[in-house]
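Colleague: I would like to go through this model slowly, asking at each step what stands behind the words that are used for it.

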Amino acid sequence: MNWRIGIGGRLLFAFSLLATMTLMATGLSLRSHADLESRLTTLHQNHIGALFAATPVK
């Protein structure tokens, strides 16, 4: 079969691909942000005393 896609089809494909990549990047960044937030909360709750003890006082 000989498929002929015009400029409109190419533009639609390009914008669709760009939108899909943007949505995937947004989802991955939200997931990593939530993971980082939970790790920092755990660190704060469990090890805050050790962090204060390791901090030099001026």
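What follows is a conversation about a predicted model, taken one term at a time.

Colleague: What makes up the secondary structure of the protein, counted in helices and strands?

Modeller: The secondary structure comes to 1 helix and 0 strands, and helix H1 covers residues 7-54. Among the residues found in helix H1 are Ile7, Phe15, Leu40 and Ala53.

Colleague: How do you know how the protein compares with a compact globule of 58 residues?

Modeller: One sets two radii of gyration side by side: a compact globule of 58 residues would have a value near 10 Å, but the protein has 24 Å. The box filled by the C-alpha atoms, taken along the principal axes, is roughly 75 × 25 × 15 Å.

Colleague: What do separations between single residues look like in space?

Modeller: Leu40 and Phe15 are 25 residues apart in sequence, and their C-alpha atoms are 37 Å apart in space. For Ala53 and Leu18, with their positions 35 residues apart in sequence, the C-alpha distance is 49 Å, while Phe15 and Val57, 42 residues apart along the chain, have C-alpha atoms separated by 55 Å.

Colleague: Why is Phe15 called exposed?

Modeller: The word exposed requires over 50% relative accessible area, and Phe15 has 56% relative accessibility, so Phe15 counts as exposed. By the same cut-off Ile7, with a relative accessible area of 62%, is exposed, and Ala53, at 67%, counts as exposed as well.

Colleague: Why, then, is Leu40 called partly exposed?

Modeller: Leu40 has 47% relative accessibility, a value that lies between the 20% limit for buried and the 50% limit for exposed, and therefore Leu40 counts as partly exposed.

Colleague: What percentage of the residues in the protein is buried?

Modeller: Buried residues make up 0% of the 58 residues in the protein. The protein exposes about 5700 Å², and carbon and sulfur atoms supply 69% of that area.

Colleague: Which residues make the nonpolar surface patch?

Modeller: The patch, of about 760 Å², is made by Ile7, Leu11, Phe13, Phe15, Leu17, Leu18 and Met21. A patch residue needs over 30% relative accessible area, and two of the members can be set against that cut-off here: Ile7 has 62% and Phe15 has 56%.

Colleague: Why is the contact between Asp35 and Arg39 called a salt bridge?

Modeller: The rule asks for a side-chain nitrogen of Lys or Arg within 4 Å of a carboxyl oxygen of Asp or Glu. The closest N and O atoms of Asp35 and Arg39 are 3.5 Å apart, so the pair satisfies the rule and forms a salt bridge. By this rule the count comes to 1 salt bridge.

Colleague: Where do Asp35 and Arg39 lie, and how many residues apart are they?

Modeller: Both lie in helix H1, 4 residues apart, which is about one turn of the helix.

Colleague: What makes Asp35 partly exposed, and what makes Arg39 exposed?

Modeller: Asp35 has a relative accessible area of 37%, between the limits of 20% and 50%, so Asp35 is partly exposed. Arg39 has 57% relative accessibility, which is over 50%, and therefore Arg39 counts as exposed.

Notes
Residues numbered from 1 in each chain as written. Predicted model: local features only at pLDDT ≥ 70, side-chain atom pairs only at ≥ 80, totals over all residues. Heavy atoms only, no water. Helix = DSSP H or I, 4+ residues; strand = E, 2+ residues; numbered from the N terminus. Buried < 20%, exposed > 50% of the residue type's maximum accessible area, 1.4 Å probe, protein only. Rg over C-alpha atoms; globule rule 2.2 N^0.38 Å. Areas by Shrake-Rupley, 256 points an atom, 1.4 Å probe, with all protein chains shown as cover. Patch = residues over 30% accessible without salt bridge, like charges linked within 9 Å, V, L, I, M, F, W, Y side chains within 5 Å.
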